[in-house]
Amino acid sequence: MAVKKKSKPIIPLYFDEEREGLRAAGRFNAQLMDFIREKVQPGITTIEIDRLIYEYTTDHGHKPADLGYKGYNHSTCTSINEVVCHGIPDGTVLREGDIINVDLTTIVDGWYGDSSETFLVGRVTDEARRVVQIAFDALYVGIEAAQPYGKVSDIGRAIERFVKAHGLEVVREYQGHGIGREFHQDPGVPHYLPKIGASQTVLEPGMCFTIEPMVNAGTWRTFIDSRDNWTVRTLDLAPSAQFEHTILMTETGPELMTTTEHGPKPGHRF
Ligand code: MF3
Ligand code: CO
Ligand code: CO
């Protein structure tokens, strides 16, 4: 029987002015994160955070990529405690002890920048702090594993090994993604090494993609809330944390698009 061969993904490579477009979008997204970082305090609601993001973005002449994406009606995702990703902003008030991931994506002159951070709201449990710390460190383990002419699978292998060595689990159903003039494109960037079908895709200079590991205190398994068909929770409702950057692979190594001089840097202790 003839078996249709899976066609090779078409992965755009970016050079020159295209890289400048990506840098500008990433830089703006990082500035927006700097603005939001100070606002995440006990007492604020997630819909207020969403509103601040919408206003800052549009006041600067840009567009929140989430708004209208696949029917999503907000400018950000706010994922608290056991919510893994795609938490919808609402009237929920942040309380001391919560951890919250704020995921930002902005379109600047047609180019996308995508990054997320998990914030501690006041003092949190040791378990919550640990899951945040390992998620943050796992992102940088993944970035270091990404080298020109290496493979996409190098990233997930390194992240999975690191997270498991710390007794935590990494989410498998959601992954990083190519990004550029579109939000989500090839290649998919798993944060673990699939037993079969690990991506042989080569990390060529000019590729742009996200790394965004979600790390769980308990099981890696998740479920989608059937009431809204967006909110992803851990199956055991144990806490989950995530960090994300947009990365350009250059001739000499990975370049982070979504950073400013502010924000947590490698080695940061939460
Ligand atoms: N920013 C998310 C990512 O990292 C995607 C959010 S899509 C939305 O890929 F529709 F939920 F906003
Ligand atoms: Co994101
Ligand atoms: Co992303």
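Along the sequence, the donor residues of the cobalt ion that is ligand 3 follow the spacing D-x62-H-x34-E-x31-E, and I should say at once that what we are looking at is a predicted model. Within that spacing, the pair formed by D114 and E244 links distant parts of the chain, since D114 sits in strand β5, residues 111-120, while E244 belongs to the loop between β13 (240-242) and β14 (245-250), 130 residues apart.

If we now turn to the atoms themselves, the protein donors of this cobalt ion, ligand 3, are D114 through OD, H177 through NE2, E212 through OE and E244 through OE, and they lie 2.0 to 2.2 Å from the ion. The angles among the six donor atoms run from 51 to 156 degrees, and the site of ligand 3 is accordingly classed as irregular. There is a neighbouring metal to keep in mind here, for the cobalt ion that is ligand 2 is 3.3 Å from ligand 3, and D114 coordinates both.

Are D114 and E244 buried or exposed? D114 has a relative accessible area of 2%, and therefore counts as buried, and E244, at 1% relative accessibility, is likewise buried, the cut-off for that term being under 20%.

Let me move on to the pockets. The largest pocket has a volume of about 620 Å³, and 20 residues line it, with K8, P9, S199, Q200 and T201 the closest to its centre. By class, that lining is made up of nine nonpolar, seven polar and four charged residues.

The second largest pocket has a volume of about 520 Å³, and its lining comprises 26 residues, of which Y69, H86, Y174, F183 and H184 are found nearest the centre. Strands β4 (99-108), β7 (176-178) and β8 (185-189) are the elements that each give two or more residues to this second lining, which divides into ten nonpolar, ten polar and six charged residues.

Finally, the cysteines: how many disulfides does the model contain? The count comes to zero, and two residues illustrate this. For C77, the nearest cysteine sulfur is that of C85, 7.6 Å away, whereas a disulfide would need the two sulfur atoms within 2.5 Å, so this pair does not qualify. C77 is buried, with a relative accessible area of 9%. C208 is also in no disulfide, its nearest cysteine sulfur being that of C77, at 19 Å, and C208 too is buried, with a relative accessible area of 3%.

Notes
Residues numbered from 1 in each chain as written. Chains lettered and ligands numbered in written order. Predicted model: local features only at pLDDT ≥ 70, side-chain atom pairs only at ≥ 80, totals over all residues. Heavy atoms only, no water. Donors = N, O, S within 2.8 Å, 3.2 Å for Na, K, Ca; no water. Tetrahedral: all angles 85-135°; square planar, octahedral: opposite > 155°, others 65-115°. Helix = DSSP H or I, 4+ residues; strand = E, 2+ residues; numbered from the N terminus. Buried < 20%, exposed > 50% of the residue type's maximum accessible area, 1.4 Å probe, protein only. 1 Å grid on protein atoms, 1.4 Å probe; cavity = no way out; pocket = protein on both sides within 12 Å on 5 of 7 lines; lining within 4 Å. Points joined across faces, edges and corners; volume = space filled by probe spheres on them. Nonpolar A, V, L, I, M, F, W, Y, C, P; charged D, E, K, R; others polar.
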